[in-house]
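Here are some short exercises on a metal site and the pocket around it. Take a look at the model first, then work through the steps with us.

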Amino acid sequence: MHTHRHTHTKMNSHTSLQRSLLMKLYVFIRRLIYLNSNQTSCNQQIIKQVFIEPKWKLKNFGMHSSPGILYNQPSALVGRTGVASVTSWLAPIIWEGTFDTTLIDFIYKQQNLTIATTVFALGKYTRFLKDFLESAEQHYFVGFRVHYYLFTDLPEEVPEVKMGENRSLTVRKVPSLNRWQDISMGRMEILEKLIGNELANEADYIFCLDVDTKFYGRWGVETLGRLVGVIHPWFFDALRNQFTYERRPESQAYIPAGEGDYYYTAAAFGGSLEDVHHLTKTCREQMNIDAANSIEAIWHEESHLNKYFLYNKPSKLLSPEYLWRDINVGAAQIKIIRFTHVAKNNADVRPNP
Ligand code: UDP
Ligand code: MN
C-alpha cells in the first residue's frame with residue numbers, strides 16, 4: 001500500500017515535472033521570439049536595470065568596537081528620562097544622555113569620513129561668519145574631516161578663521177538677491193547642484209546649516225545618518241495642529257489638518273549625499289511649481305522640508321539641543337545647548353522686510 005502510493009506519487013510528479021519543463025520551454029521560446037523582434041529596446045531595458053549604480057556610495061563598515069575599548073555599560077532598563085528618544089517609526093531622537101561619546105567616536109573614527117558642511121552668507125549675513133566658523137572649529141565634528149562650503153555674494157568679507165587639522169573651507173561666489181526669502185529658498189537648488197556635480201568623491205555625509213548661529217557644545221558623529229532632521233526649538237512640545245505647516249492646498253507644501261509628525265527646522269538638516277540630494281531636488285522642484293502658480297509657502301523652504309520629511313521619514317532626529325532658540329533661554333528638557341540661533345535684528349540684516 002505504502003509502496004504503491006509512493007510509486008503512484010512518483011509517477012504523477014514525473015508527469016507534472018515533464019509538463020512544467022515543457023511549459024518553461026514554451027515560455028522560453030516565446031520570450032526568445034519576442035526578444036529577437038524587440039532586440040534593441042529589450043537590451044536597453046536590461047542594461048538600465050542592471051548597470052545603473054548609485055552615484056553616491058555611502059560607506060558601510062558596520063559598527064565595530066575592539067577589545068580593550070572601555071565605556072559605561074549601556075542599560076536595557078535605564079535611559080534618558082523626560083523626553084522621547086525614539087520616534088513611532090523607530091528612528092532615534094538624539095538627546096544628551098542617549099549616546100556614549102567614547103564609544104561612538106571610536107566606532108566612527110575607523111570609517112575615515114568626510115562631512116561636507118554648507119553655509120550661506122549673503123549681504124549683511126557675512127557678519128555672522130566669524131562666530132559661526134570659530135565656534136564650529138571648537139565643537140563641530142572635532143577630530144573628524146570637515147569640508148565647509150561657504151556661499152556668499154561678498155567673498156571679500158569672509159573672515160580669516162584658522163582651521164584645524166583635516167578641516168578646510170571653500171568659498172563660492174553666488175549672485176546677490178533682493179529678497180531674503182529668495183536667498184533662503186535658493187539654497188535648495190545650490191545644494192542640489194553641489195551634491196550632484198561635485199561631492200560624489202569628496203564627502204560621505206552633508207549638513208546644511210544657517211549662518212546666524214553659534215556652537216556652544218558638542219555636535220559630533222552621533223548626528224550621522226541617512227536622512228537627518230532637527231526638531232524646531234519652538235515646536236518640540238506643541239500639538240500637530242499648532243505646527244506652522246503650509247495649510248493652503250494650492251501650495252505643493254500643503255499638509256492637511258490631522259497629519260504631521262514633528263515640526264522640523266530648515267536651519268539644520270543633513271544625511272547621506274544621496275538622501276540629501278533627493279531632498280533638495282524635491283524641495284527645489286516643489287518650490288518651482290509653487291512659483292509657477294504664484295504661491296509661496298508660508299515658511300518658504302521650511303514648509304517644503306516639512307512636507308518632505310512627513311512622507312520621507314528621517315532615519316534620525318536631532319533634539320532641539322542641536323538648534324536652540326537663544327543661548328540665554330532655557331527649558332527643562334534641554335540639558336545642553338549645542339548649537340543655537342544668535343539674536344539678530346531682522347530689519348538690520350535682511351535686504352527687505
Ligand atoms: N541668508 C543670507 N542673507 C540674507 C538672508 C538669508 O545669507 O540676507 C541665509 C543665511 O544663511 C541665513 C539663512 O539664509 O542663516 C536663513 O535666513 P534667516 O536666518 O534670516 O531665517 P530665520 O532663521 O530667521 O528663519
Ligand atoms: Mn536663521
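The exercises below each give a task and then a worked solution.

This is a predicted model, in which local features need pLDDT of at least 70, side-chain atom pairs count only at pLDDT 80 or more, and totals for chains, interfaces and linings use all residues. Residues are numbered from 1 along each chain as its sequence is written, chains are lettered from A and ligands numbered from 1 in the order in which they are written, and side-chain values use heavy atoms, with hydrogens and water left out.

**Exercise 1.** Find the protein donors of the manganese ion (ligand 2) and their spacing along the chain.

*Step 1.* Take as donors the N, O and S atoms within 2.8 Å of the metal (3.2 Å for Na, K and Ca); water is not among the atoms, so sites may look incomplete.
*Step 2.* Asp 210 (OD), Asp 212 (OD), Asp 212 (OD) and His 341 (NE2) coordinate the manganese ion (ligand 2) at 2.1 to 2.5 Å.
*Step 3.* Read along the chain, the spacing is D-x1-D-x128-H.

**Exercise 2.** Decide whether Asp 210 and His 341 are buried or exposed.

*Step 1.* Use the cut-offs: buried is under 20% relative accessible area, exposed over 50%, and partly exposed in between (1.4 Å probe, protein chains only).
*Step 2.* Asp 210 has 13% relative accessibility, so Asp 210 is buried.
*Step 3.* His 341, with a relative accessible area of 22%, is partly exposed.
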